[in-house]
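Visitor: I am new to this structure and would like a close look at a single part. Could you pick one strand and walk me through its surroundings?

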Amino acid sequence: MKRTTLVGLISDTHGMLDPRVLDAFAGVAHIVHAGDIGDMELLTELETIAPVTAVRGNTDGGQLPWLEAIENIQIAGCKIRVLHDLSESAGTIPRDALVVVSGHTHVARVSRRAGVLFVNPGSASEPRARKGASVAILEIGAAGVDARIVEL
């Protein structure tokens, strides 16, 4: 039996890591941060949970200029594209990507289009929706990929 791999998805922390994120990400094999991180200390704290892949958001240029704007990664056989602002990627999603993780809007959302799972975990520090701060959990398993929003 193939086991499910869990990946923690987070975005728009702006230098503040809600302690509830640590509980939400218990048991994840990897963490993906979709930008507007705030500072290196936040990434260091997330790395105490699991390895982290992060991209540069529109507010990260001064603190984290070495981060790439886009990362294409593979976790448990699942090809994932990570970027901060989905609106800047029109037409550039790789054909073999199964998941696209983005942030920027501070509004959590999970949707599927043309066989691709799009996940915006919302903001873990400054939500803009009526609901509060959130992250997401990506589940990669034998049956495919899915994601769920976790309200903090």
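Guide: Happily; here is a tour of strand β8 and the strands beside it. A word first on the ground rules: this is a predicted model, in which local features need pLDDT of at least 70 and side-chain atom pairs count only at pLDDT 80 or more, while totals for chains, interfaces and linings use all residues. Residues are numbered from 1 along each chain as its sequence is written, and side-chain values use heavy atoms, with hydrogens and water left out.

Strand β8 covers residues 116-121; strands here are DSSP runs (E, at least two residues), numbered from the N terminus. Six of its six residues are buried, meaning under 20% relative accessible area with a 1.4 Å probe, protein chains only. In a regular strand, side chains alternate between the two faces of the sheet. Here V116, F118 and N120 point one way from β8, whereas L117, V119 and P121 point the other way.

Now for the neighbours. Two strands count as paired if DSSP finds at least two bridges between them. Strand β7 (residues 108-113) runs antiparallel to β8, and six bridges join them. One of the contacts to look for is S111, whose bridge partner in β8 is F118. β7 and β8 also form a hairpin with two residues between them, and A114 in that turn has a positive phi of about 50°.

Strand β6 (residues 99-101) pairs with β8 as well, in the parallel sense, over three bridges. There, V99 has L117 of β8 as its bridge partner.

How values were computed. Buried means under 20% relative accessible area, exposed over 50%, partly exposed in between (1.4 Å probe, protein chains only). Helices (H or I, at least four residues) and strands (E, at least two) are DSSP runs, numbered from the N terminus.
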